[in-house]
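Good morning, and thank you for coming. I should like to take you through one structure, strand by strand, and then turn to its interior.

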Amino acid sequence: ALYAQHPEEKDNGSVLVKQTANFDISGKGDAPEWSSADWIPLPQRRGTADYDTRAKLLYSDTGIYGLFSCQDKKITATFKEDFADLWTEDVIEIFFWPDASMPLYFEYELSPLNYELPILVPNMDGDFLGWRPWHYDGPRKTRHATHINRDNNGNATGWLGEFFIPYALLKPLKNVPPKSGSTWRMNMYRVDHDQGNSAWSWRPVQTNFHDYERFGVMKFE
């Protein structure tokens, strides 16, 4: 099946996110704060590019930190601007749905070349389109960095994407900022184009990445 659940995958649709002090990001995931977070595997759901993909999450009093590690032998990325159609090339994505009473969620995409797509998505019975943030500066601005790993011959072996999404950007969504014990719905994805179109996701979806009813749960410690 296109988005079949892996047999070895435990049917545990929740992840515990630990609290952290705020820290600087480099794109390499080398901040000591990351040592407190466990890797979350993203099983492959589609395609034949058999690459290990995993992510880490942390939360602070001002926002959410994310780190993706993507094994990759060829970087397919040409866009050199934010808000481009990043999902048509190599990309990582995370969707936050803090208030499940309303079909409105935040989508964040980051390319290997460190270009981003932050949008708010109203999804009305499968009819959806993203809206760009207004007054996107100051405390509402994300922080992000990427790093491409290469071997001694200069060939790509993978890439890392690291980002910080401030709660101020998620206004006026409810259940933001989270408190200890809060829960949000969430999913994480990766797309790669080495052998056609391959996709990974934390939780399996049926139709597309916007299948929000199938998102998992993030619990704030």
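Let me begin with a hairpin. Strands E10 and E11 form it, with five residues between them, and glycine 154 in the turn has a positive phi of about 85 degrees. Please keep in mind throughout that this is a predicted model. E10, residues 143–150, pairs with E11 in the antiparallel sense, over eight bridges. To take one position, alanine 145 has glutamate 162 of E11 as its bridge partner.

I now turn to strand E4. Is E4 largely enclosed or not enclosed by the rest of the structure? Six of its seven residues are buried, so E4 is largely enclosed.

Its pairings are as follows. E4 and E5 run antiparallel and are joined by seven bridges; they form a hairpin with three residues between them. Strand E2, residues 40–41, also runs antiparallel to E4, with two bridges joining the two strands. E1, by contrast, runs parallel to E4, again through two bridges. In that parallel pairing, lysine 18 stands opposite leucine 58 of E4. Alanine 55 of E4 deserves a moment, for it is the bridge partner of isoleucine 40, and it also has phenylalanine 68 in E5 as a bridge partner.

Following E5 onward, we reach the loop between E5 and E6, where aspartate 72 lies. Is this aspartate buried or exposed? Aspartate 72 has a relative accessible area of 0%, and the cut-off for a buried residue is under 20%, so it counts as buried. What surrounds it? Setting aside neighbours within four places in sequence, aspartate 72 is in contact with Tyr51, Asp90, Ala156, Thr157, Gly158, Trp159, Arg190, Asp192 and Asp194.

Let us move to the nonpolar interior. In soluble globular proteins, nonpolar side chains tend to be buried together. Here the largest nonpolar core has 34 residues, and those that touch the most other members are Ile94, Phe96, Met186, Met188 and Met218. Which elements give two or more residues to this core? They are E1 (14–19), E4 (53–59), E5 (63–71), E6 (91–97), E7 (104–110), E11 (156–166), E12 (183–192) and E14 (216–220). E7 provides the largest share, four residues.

Methionine 186 shows the surroundings of one core member. Beyond its neighbours within four places in sequence, methionine 186 is in contact with Val15, Leu57, Ile94, Phe95, Phe96, Trp202, Phe215, Gly216 and Met218. Apart from the largest core lies another, of 16 residues, including Val121, Val191, Tyr212 and Phe215.

My last topic is the second largest pocket. Its volume is about 330 Å³. How many residues line it, and which are the closest to its centre? There are 19 lining residues, and Trp87, Glu107, Glu109, Phe128 and His210 are the closest to the centre. What is the character of that lining? It divides into 10 nonpolar, three polar and six charged residues. E7 and strand E8, residues 116–124, each supply at least two residues of this lining, and E8 gives the most, with three. E7 therefore appears twice in this account: it gives four residues to the largest core, and it supplies at least two residues to the lining of this pocket.

That concludes the tour, and I welcome your questions.

Terms used. Residues numbered from 1 in each chain as written. Predicted model: local features only at pLDDT ≥ 70, side-chain atom pairs only at ≥ 80, totals over all residues. Heavy atoms only, no water. Core = buried A, V, L, I, M, F, W, Y, C linked by side-chain atoms within 4.5 Å. Buried < 20%, exposed > 50% of the residue type's maximum accessible area, 1.4 Å probe, protein only. Contact = heavy atoms within 4.5 Å. 1 Å grid on protein atoms, 1.4 Å probe; cavity = no way out; pocket = protein on both sides within 12 Å on 5 of 7 lines; lining within 4 Å. Points joined across faces, edges and corners; volume = space filled by probe spheres on them. Nonpolar A, V, L, I, M, F, W, Y, C, P; charged D, E, K, R; others polar. Pairing = 2+ DSSP bridges.
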